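Work through the exercises below with the model open. Try each task before reading its solution.

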Amino acid sequence: MRTIYSKYDKTQIGSLPRIIFEGRIIVLLTEQEAEKAVDYLLEQEILGVDTESRPVFKRGRQNKVALLQVSTEDTCFLFRLNRMGLCAPVKRLLEAETPKKIGLSWHDDLMMLHKRGDFSEAGFIDLQDHMRELGIEDMSLAKLYANIFGQRISKREQLSNWEADVLSEKQKKYAATDAWACIQLYKEYERLKETGDYELIKVKAEEPVADEQTSISKEG
């Protein structure tokens with residue numbers, strides 16, 4: 001039986017084993033490259049999605065989305081939107097009813113993508129909605145993955161320059177891992193909901209996970 005927590009103590013994440021995407025990563029720079037990638041992606045059953053923007057360190061300013069990462073179980077495509085823009089193939093992907101596109105806090109991502117161009121999104125599933133059904137309250141990707149799988153997703157590259165001429169290997173791995181992790185979390189959510197094979201530990205806000213001993217069933 002899997003044990004999960006309503007709140008996860010972030011100080012414990014650093015001691016967990018690191019998980020990283022080990023599949024193929026393909027960087028896309030042009031509309032022609034995007035066209036082929038989207039043809040392939042639309043044939044899949046499930047996709048993990050995420051975005052990255054160049055960080056801004058001044059209040060009130062915001063950069064447009066620079067990267068859209070879309071992953072299958074073994075291949076992640078990095079659409080460099082700062083190069084190709086929200087071109088026709090990317091719109092086709094965002095507007096497709098299928099496959100399922102799994103993201104985290106996708107309202108914000110979609111709002112930012114709309115600043116790149118108009119489209120009518122479809123097929124998106126937000127992990128936050130489903131993780132609440134399990135009784136989980138902490139919704140960052142790092143906390144969710146640590147909570148569900150007991151593994152650490154590094155966020156070290158989050159504030160790097162996503163508009164750089166060439167993305168570093170660390171940036172590519174970071175971006176791909178975030179998108180791929182959404183698939184893993186959604187599949188595990190589905191398994192837990194179907195089997196009921198989990199125990200939820202209710203953690204009070206002021207108490208670290210290790211100190212909380214009160215457990216309730218999934219129905220509680």
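**Exercise 1.** Sort the lining of the largest pocket by residue class.

*Solution.* Start with the classes: Ala, Val, Leu, Ile, Met, Phe, Trp, Tyr, Cys and Pro count as nonpolar, Asp, Glu, Lys and Arg as charged, and the others, Gly among them, as polar. The lining then has 11 nonpolar, seven polar and seven charged residues. Now the source: this is a predicted model, where local features need pLDDT of at least 70, side-chain atom pairs count only at pLDDT 80 or more, and totals for chains, interfaces and linings use all residues. Residues are numbered from 1 along each chain as its sequence is written, and side-chain values use heavy atoms, leaving out hydrogens and water.

**Exercise 2.** Give the volume of the largest pocket and locate its lining.

*Solution.* A pocket is found on a 1 Å grid over the protein atoms alone, as an open set of points where a 1.4 Å probe fits, with protein on both sides within 12 Å along at least five of seven lines; lining residues have an atom within 4 Å of a point. Volume is the space filled by probe spheres set on the points, which are joined across faces, edges and corners. Here it is about 630 Å³. Of 25 lining residues, Asp50, Thr51, Glu52, Asp109 and Gln158 are the closest to the centre. Next, the elements: helices (H or I, at least four residues) and strands (E, at least two) are DSSP runs, numbered from the N terminus. Strand S3 (46-53), helix H4 (106-114), helix H6 (141-149) and helix H7 (169-195) each give two or more residues. S3 gives the largest share, four residues.

**Exercise 3.** Describe how H1 and H3 pack.

*Solution.* The axes of H1 (residues 31-41) and H3 (residues 88-95) come within 8 Å and cross at roughly 25 degrees. Axes are lines fitted to C-alpha atoms over the stretch in contact, and angles run from 0 to 180 degrees between N-to-C directions. So H1 is roughly parallel to H3 (angles under 35 degrees). For contact (heavy atoms within 4.5 Å), Glu31, Ala34, Glu35, Val38, Asp39 and Leu41 in H1 meet Ala88, Pro89, Val90, Arg92 and Leu93 in H3. These residues divide into seven nonpolar, no polar and four charged.

**Exercise 4.** Which peptide bond is cis, and which residue that is not a glycine has a positive phi?

*Solution.* Most residues other than glycine have a negative phi, and most peptide bonds are trans. The bond from Thr98 to Pro99 is cis, with omega near 0 degrees. Ser105 has a positive phi of about 55 degrees. Ser105 lies in the loop between S6 and H4.

Definitions and conventions: Angles under 35 degrees count as roughly parallel, over 145 as roughly antiparallel, 65 to 115 as roughly perpendicular and the rest as oblique.
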